[in-house]
Amino acid sequence: MSPEGLRHGPGLKFSIREGLCIEHKPQPCGLVLFGTSGDLAARKILPALQGLGAQGLLPERFFVLGLGRAPVDEAALRRQAPGVKGLYYLRGDYGAAATYQDLGRRLKELSARHGTSGNVIFYLALPPDLFHPVTHKLGAAGLLDEPTRAWTRVVFEKPFGRDLTSALSLAAEIRDHLKERQVYRMDHYLGKDTVQNVLMFRFANSIFEPVWKRTYIDHVQISVLEAEGVGHRAGYYDRSGVLRDMFQNHMLQLLALVAMEPPSSFAAERVRDEKIKVFKALKPIDPAQPGRGLVLGQYSGYRSEPGVAAASAAPTYAAMRVEIENWRWEGVPFYLRSGKRLAGRAAEIAVVFKKVPHSMFRELSPDHLEANTLVFRIQPDEGVSLTIEAKKPGPKTCIGALTMDFDYAEAFGEHPPEAYQRLLLDVMLGDQTLFPREDALEETWSFIQPWLDADLPLSPYAPGSFGPAEADALLEAEGRAWRQP
Ligand SMILES: NC(=O)c1ccc[n+]([C@@H]2O[C@H](COP(=O)([O-])OP(=O)(O)OC[C@H]3O[C@@H](n4cnc5c(N)ncnc54)[C@H](OP(=O)(O)O)[C@@H]3O)[C@@H](O)[C@H]2O)c1
């Protein structure tokens, strides 16, 4: 143990032993950024490239070619990411065949100049309506073919379709031009260190897995709560709503990490195979059933937000009860909730264990004792905590709940990096472990679709609250309550 690895937290002392890192260096490549003038490029992609460059994690031979309709000044672009050595811009209309011919010529020239051997990543940071036509045009121009001894990869941003039919149609278009190993679908939640930590926690330790099942776990709560409203993305959000925006992708991906069986290796296909088994085991829902297990809400004032339709029926909140039909999880409900304009910003996975079956303290029934709860805090204050019952100091027999808390920043002396850094590096490395596979889309859309088709009522909730009262009732009906993170 290195002495500098010892750190002290309030009421807690913990040590970190130098860990082992699995490090790979990406091969030389070029990255074509469609939608360079957009919000995502400015807020996430260029800063992530800058971060990777500053840490020396970009390939030694590398360039970025921005692309879009807008006139973009190359010098200004370089100032946004000074750590990226070759940064260029090509102006063109996504609908014009000439753009793709220009792109092909420019790529050849830059590939030769930077010695990137023809390896190229196309990053489609574009409105989703353009995924289909741009993939088609790239394919028609021959830009998606893999030259001998070089690779071509394409990154798609979410949303991957807006329902099952459109997701399947996009998947078919992609399949016409690309092999699955060339396709990277961004789900930035999977790039967060604390989310990946669920896998490390479960499968790099031997003490948790034996209790990770219906015998010991009472239920699981997955919450992604946002304090902000729709902001500048109102146009997109109002057409999507929270089920498409959060549940089909992030929420079900988080659930899969908690519920999956141990993969035989931390390899893309093995991890993704196990997730698919979880999605296939989700108990199908019938929205017509009373107590159907879904509450949809919309915050008061949403319809007056700029960019939102006056009679909008978009849900800004959902709480869902999900069951997984297999031996491990039979009878264990997974409660998922996510929404906007809530009391605070917090994302966490809470695994709530069963209470003790019998209390040896005569005055205390098992109900007086709190259930052990293991919480993975995804944001903010990333970390892991475990509540246990402990004796309070003193001559009397007093028991109280104690929280053992591991704070990521405090323990490691730094905040976890932006998810986009990790995911972009994985694209360059050709590691698809953290990217949803095509069959995951089909399974998750199939699960969500009946909810989208049903005309369910929207429960209003006050901005700054924890969501509609009906969401509380969903758990109260089963003798449980939402945690207030
Ligand atoms: N922004 C986020 O926080 C966020 C988060 C998660 C996922 N995403 C996804 O990431 C992708 C990009 O998001 P974004 O917020 O960066 O989008 P955006 O700013 O609306 O658009 C990106 C770029 O696409 C081009 N564009 C926009 N509308 C177009 C149209 N009708 N026809 C042709 N080109 C058009 C524009 O570039 P030019 O005018 O220069 O061509 C624009 O700068 C989307 O699929 C989005 O769903 C975004």
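**Reading the labels on a predicted model**

Modeller: The domain assignment gives this chain domain 1 (29-157) and domain 2 (190-476). Keep in mind that the model is predicted.

Biologist: How far apart do the C-alpha centres of domain 1 and domain 2 lie?

Modeller: Those centres are 34 Å apart. The contact draws 22 residues from domain 1 and ten residues from domain 2.

Biologist: What makes a residue count as near the ligand?

Modeller: One of its heavy atoms has to lie within 4 Å of the molecule. Around the ligand there are 20 residues, and Ser37, Asp39, Arg43, Tyr94 and Leu126 come nearest. Helix α1 (residues 39-54) gives the most to that shell, with three residues. By type, the shell splits into ten nonpolar, four polar and six charged residues.

Biologist: Why is the pairing of arginine 43 with the ligand called a polar contact?

Modeller: An N or O atom in the side chain of arginine 43 sits 2.5 Å from an oxygen atom of the ligand. The cut-off for a pair of N or O atoms is 3.5 Å, so this pair qualifies. Tyrosine 94 also has a side-chain N or O atom, 2.7 Å from a ligand oxygen, so that pair passes too. With lysine 158 it's a backbone N or O atom, 2.9 Å from an oxygen atom of the ligand. As for cover, the ligand taken alone exposes 870 Å², and the protein buries 76% of that.

Biologist: What kind of peptide bond joins lysine 158 and proline 159?

Modeller: A cis one, with omega about 5°. Proline 159 is in the loop between β7 (152-156) and α5 (164-177). The bond from glutamine 379 to proline 380 is cis as well, with omega near -20°, and proline 380 lies in the loop between β14 (373-379) and β15 (383-391).

Biologist: Why is asparagine 119 called buried?

Modeller: Its relative accessible area is 6%. Buried means under 20%, so asparagine 119 fits the label. You'll find asparagine 119 in the loop between α3 (97-114) and β6 (120-124).

Biologist: Which residues does asparagine 119 touch, leaving out those up to four places away in sequence?

Modeller: Gln27, Pro28, Cys29, Gly30, Arg149, Ala150 and Trp151. With proline 28 there's a polar link: the backbone oxygen of proline 28 lies 2.9 Å from a polar side-chain atom of asparagine 119.

Biologist: What stands out about phi at serine 117?

Modeller: Phi is positive there, about 60°, although serine 117 is not a glycine. That residue is in the loop between α3 and β6. Arginine 341, not a glycine either, has a positive phi of about 50°, and its place is in the loop between β12 (334-339) and β13 (346-353).

Biologist: Why does arginine 341 count as partly exposed?

Modeller: Arginine 341 comes out at 28% relative accessibility. Buried stops under 20% and exposed begins over 50%, so 28% lands in between.

Biologist: Why is aspartate 453 called exposed, then?

Modeller: Aspartate 453 has 57% relative accessibility, and exposed means over 50%, so the label holds. Aspartate 453 is in helix α11 (residues 438-453), where its side chain makes a polar contact with the side chain of glutamine 449 at 2.9 Å.

Biologist: How far is the C-alpha atom of aspartate 453 from that of methionine 246?

Modeller: They're separated by 17 Å, with the two residues 207 apart along the chain.

Notes
Residues are numbered from 1 along each chain as its sequence is written. This is a predicted model: local features need pLDDT of at least 70, side-chain atom pairs count only at pLDDT 80 or more; totals for chains, interfaces and linings use all residues. Side-chain values use heavy atoms; hydrogens and water are left out. A polar contact is a pair of N or O atoms within 3.5 Å; within protein, one must be able to donate a hydrogen and the other to accept it, and residues adjacent in sequence count only if both atoms are side-chain atoms. Accessible areas come from the Shrake-Rupley method with a 1.4 Å probe; for residues, only the protein chains shown count as cover. Helices (H or I, at least four residues) and strands (E, at least two) are DSSP runs, numbered from the N terminus. Ala, Val, Leu, Ile, Met, Phe, Trp, Tyr, Cys and Pro count as nonpolar, Asp, Glu, Lys and Arg as charged, and the others, Gly among them, as polar. Buried means under 20% relative accessible area, exposed over 50%, partly exposed in between (1.4 Å probe, protein chains only). Contact means heavy atoms within 4.5 Å. Domain bounds come from an automatic or database domain assignment.
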